[in-house]
Amino acid sequence: DVEYDSVDAPPAADNLLIMSKRMVVLPDYRGQNIGYRLKMAQRDVAFKQGIPLITWTFDPMLAPNAHLNIRKLGGVVRKYKVDYFGQTDMPSLQADRLVIEWWVNDQRVKDCATGHGIALTVAQYLERNTVIINPADISGEFYKPCDVNDAPNTELVLIEIPPNFRQINREDAGLAKVWRDHVRDVFLKMFGAGYMVTDFVRGDHDGKNRTFYVLSQRLDEER
């Protein structure tokens, strides 16, 4: 792992960031850790330039992207952007986005890069009385969103999304739209209540594969 010395870095570097606009792995090459390796190469560039922060956006409904950006890379999320691309006729761009902050020299990110991070399971989070703020109806072929619980006064909460949103979007566009609206409401509510995303977890719960964002109470308003 590489680190930069802020003493030797350009004076303005600490106030700069790299905004990663788009990184896509072709379908035939997915599942081979290529996305992770590309991001780590991007991190090396930030180190060499003395830049502490890389940001990008991603679709909050895509569990594989969330797993990479948050669980594997150690990114955090404080901002939810509604209708990020504005008015467009392209269906693929008619969506909200989460903004990832990847503080490349933070201990959290270094622990993820070296495999020394603490990776709790769904069961372990629930054993700590972590509240699922929006437990889904998992009785059918596709999960359905339910009412949102009141924001609890607890350190950690879970936001559930379906593990297979792309399939839902292909086969039931109406349900996909319901999910998008639901997740928007939940994130805006929880961010407004002072939480931020600090982990993403997936695994069995109640006999089904479930996927959750993990939110922690924010300790600061600005970094």
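The legends below describe close-up views of a predicted model.

**View 1. Helix α1 and helix α3 cross at roughly 135°.** Helix α1 covers residues 34-49, and helix α3 covers residues 107-114. Their axes come within 13 Å. With this crossing angle, α1 and α3 are oblique to each other. The crossing in which α1 passes α3 is left-handed. Which residues of α1 meet α3? They are Y36, M40 and R43. On the side of α3, the residues met are V109, K110, C112 and A113. An α-helix has 3.6 residues a turn, so residues three or four places apart point the same way.

**View 2. N33 sits in the loop between β1 and α1.** Strand β1 spans residues 17-19. N33 is not a glycine, yet its phi is positive, at about 70°. Most residues other than glycine have a negative phi. Is N33 buried, partly exposed or exposed? The relative accessible area of N33 is 36%, so this residue counts as partly exposed.

**View 3. Helix α2 is largely enclosed by the rest of the structure.** The helix runs over residues 63-72, and 7 of its 10 residues are buried. Among the buried residues are A63, A66, L68 and I70. H67, N69 and R71 are also buried. Just after α2 comes G74, where phi is positive, at about 90°.

**View 4. R78 in strand β3 makes a polar contact with E101.** Strand β3 consists of residues 76-81. Because its relative accessible area is 13%, which is under 20%, R78 counts as buried. The contact joins the side chain of R78 to the side chain of E101, at 2.8 Å.

**View 5. N129 has a positive phi in the loop between α4 and β5.** The loop that holds N129 has helix α4 (122-127) on one side and strand β5 (131-132) on the other. The phi of N129 is near 65°, and the residue is not a glycine. Is N129 buried or exposed? With a relative accessibility of 64%, N129 is exposed.

**View 6. D150 touches I133 and K189.** D150 belongs to the loop between β5 and β6, where β6 covers residues 156-161. A relative accessibility of 65% makes D150 an exposed residue. The two contacts leave out residues up to four places away in sequence. How many residues apart in sequence are D150 and K189? They are 39 residues apart. In space, their C-alpha atoms are 9.4 Å apart.

**View 7. Strands β7 and β8 form a hairpin.** Strand β7 spans residues 195-205, and strand β8 spans residues 208-217. The two strands run antiparallel and are joined by 10 bridges. One pair of bridge partners is R202 and T211, with T211 in β8. In a regular strand the side chains alternate between the two faces of the sheet. Strand β7 is mostly covered, with 9 of its 11 residues buried. How many residues lie between β7 and β8? There are 2 residues between them. D206, in the turn, has a positive phi of about 55°.

Definitions and conventions. Residues numbered from 1 in each chain as written. Predicted model: local features only at pLDDT ≥ 70, side-chain atom pairs only at ≥ 80, totals over all residues. Heavy atoms only, no water. Helix = DSSP H or I, 4+ residues; strand = E, 2+ residues; numbered from the N terminus. Buried < 20%, exposed > 50% of the residue type's maximum accessible area, 1.4 Å probe, protein only. Polar contact = N/O pair within 3.5 Å; in protein donor to acceptor, adjacent residues only side chain to side chain. Pairing = 2+ DSSP bridges. Axes fitted to C-alpha atoms, helices over the stretch in contact; angles between N-to-C directions. Parallel < 35°, antiparallel > 145°, perpendicular 65-115°, else oblique. Left-handed = near helix turned anticlockwise from the far one by under 90°. Contact = heavy atoms within 4.5 Å.
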